[in-house]
Amino acid sequence: MRILGLFGLAAAIGWLLGQPLSALLLAALACLGWQLFHLYRLEQWLRRGSPTRPPSAYPFRPNAFWNEVYQHSFRLRQRSRKRKRKVSRILKQFQSAAAALPDAVVVLNEEDTVLWCNEAARRLLNLHRQDSGLKVTTLVRHPKFVHFLAQRRYDESLDFPSPLDTDVVLSVRIAPYGKKQRLLLATDNTRLHRLEQMRRDFVANVSHELRTPLTVINGYLETLLDNEDAVPSRWQKPLSGMHQQSCRMLRLVGDLLMLSRLENQGERQLQHAVDVPALLDEIADDTIALSGERGHRIVLEADRGLWLRGHEQELHSAFSNLVSNAVRYTPDGGHITIRWQADERGVHLEVEDDGEGISPQHLQRITERFYRVNRDRSRDSGGTGLGLAIVKHVMLNHGGKLHITSLVGVGSIFACDFPAELQVRQEAPAEAEALEQSL
Ligand code: ADP
């Protein structure tokens, strides 16, 4: 209305002065100037960013339109301020909660640069607030940690000694979140490790202490059984029963000692190239002897030029456990195939049988110590219940995994999958690649 009035007045004065167009132009310019003036004031007010009210009481009162613009901007600014205050309050609460956590929390970006860390990170990982902006691997340099971080395995955890105190064992996990950020969590796992170590030492010591007396008892029993004439006939049966049981105990003690050795094995370099085909020849011969009258058909298919970097005794123990299991759990005359081959995924030892198989509910737990599908059956066939636990540990020590596929009534495949880096190629001898032995 005001503008229309202004133009009306300008037109009237212009008409009186005989210059209506010039007067209208002047009025338009004045109008434009007025709008620019308000725009300028609005810009100044916004730029100042102060929480003062908009300049509505300025000498030149703004019209309803500009008043509306000012008020609206003012309300928006108030709202955004409130939101900011709320967000920063929540952030502070979150930070103080994270800071109070007994576990170390470190926020990393995509390049593993520290963005934030809590108080426990200083205590456990020797990381400080002022370290933000630095790469975590230059601050925590343990090779296992650096390797773990590079692997980006989010479903696994790593145990390694704290950089501040090597007696403290830390368990580290990494969780990805947000836009390529990662949360590193470290927990003090020393107590659990000590308990684990105590358990291992206890089992190892007991087994060690039992071995000598058992060997002596077993030796005397063997001597007595060998001298049939010196022993009254009514003692023969109990003596042979005692001998059987002492042999079983010796096997048990031997397996327990083997397991503790495997568990206590620290980090080591697998340098020695093992002639696995020759090892399997030996195992196949022993298996034929073990099968004896039972007439299993045992086939060995080996890539003769394929050797493996590893620990010979451990590999022998793992492979012969699998093959002897196949004999023990496959009915007389059954088929057992041992395969040794490599492909792009790695190096594989497979033991396949067409024996009784294992039902899915047992498969999950079959590698646990003393877990047996049928206790009596295992005991009668000379089992200790530790065979597959040994295989699992040997595979762990070689960076590999044991995979079991089985169907009840059809048979089982036990596959030891080794990483491809352990493969060693030797000139394959000219003779046949596959050796077949059967009874
Ligand atoms: P055990 O001394 O009892 O054989 P293992 O750890 O070697 O102990 O095996 C655990 C259990 O797994 C066995 O008791 C048996 O039930 C099952 N098992 C192992 N190998 C086979 C196989 N080839 N076929 C069927 N069952 C098997």
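1. A polar contact is a pair of N or O atoms within 3.5 Å. In this predicted model, Arg328 meets that cut-off with the ligand: one of its polar side-chain atoms lies 2.8 Å from a ligand oxygen atom.

2. Two further contacts to ligand oxygen atoms involve the protein backbone. A polar backbone atom of Thr384 is 2.9 Å from an oxygen atom of the ligand. For Leu388, a backbone N or O atom lies 2.8 Å from an oxygen atom of the ligand. The ligand on its own has 530 Å² of accessible area, and the protein covers 98% of this.

3. The shell around the ligand holds 20 residues, of which Asn325, Arg328, Tyr329, Ser378 and Gly385 come nearest. Arg328 thus appears both among these nearest residues and as the source of the side-chain contact described in the opening point. Sorted by class, the shell contains 9 nonpolar, 7 polar and 4 charged residues.

4. Three elements give two or more residues to the shell around the ligand: α10 (312-328), α13 (387-397) and β12 (411-418). The largest share is that of α10, which supplies 3 residues.

5. As to location, the ligand sits in the second largest pocket. The volume of this pocket is about 940 Å³. Its lining comprises 43 residues, and those closest to the pocket centre are Asn321, Ser324, Asn325, Arg328 and Gly383. Asn325 and Arg328 therefore deserve attention on both counts, being listed among the residues that come nearest to the ligand and among those closest to the centre of the second largest pocket.

6. The lining of the second largest pocket receives two or more residues from each of α8 (233-264), α9 (276-291), α10, α12 (375-380), α13 and β12. Of the contributors, α10 gives the most, with 9 residues. The helix α10 accordingly has the leading share in the ligand shell and in the pocket lining. By class, the lining of this pocket divides into 15 nonpolar, 17 polar and 11 charged residues.

7. A separate matter is enclosed space. The model has 1 cavity of 30 Å³ or more, and the largest cavity holds about 30 Å³ of space. The residues that line the largest cavity are Arg199, Arg200, Val203, Ser260, Glu263 and Arg369.

8. Which elements give two or more residues to the lining of the largest cavity? They are α7 (190-226) and α8, with α7 providing the largest share, 3 residues. The helix α8 also gives two or more residues to the lining of the second largest pocket. The lining of the largest cavity is made up of 1 nonpolar, 1 polar and 4 charged residues.

Note on methods. Residues numbered from 1 in each chain as written. Predicted model: local features only at pLDDT ≥ 70, side-chain atom pairs only at ≥ 80, totals over all residues. Heavy atoms only, no water. Near = heavy atom within 4 Å. Polar contact = N/O pair within 3.5 Å; in protein donor to acceptor, adjacent residues only side chain to side chain. Areas by Shrake-Rupley, 256 points an atom, 1.4 Å probe, with all protein chains shown as cover. 1 Å grid on protein atoms, 1.4 Å probe; cavity = no way out; pocket = protein on both sides within 12 Å on 5 of 7 lines; lining within 4 Å. Sits in = over half its atoms within 2 Å of the grid points. Helix = DSSP H or I, 4+ residues; strand = E, 2+ residues; numbered from the N terminus. Nonpolar A, V, L, I, M, F, W, Y, C, P; charged D, E, K, R; others polar. Points joined across faces, edges and corners; volume = space filled by probe spheres on them.
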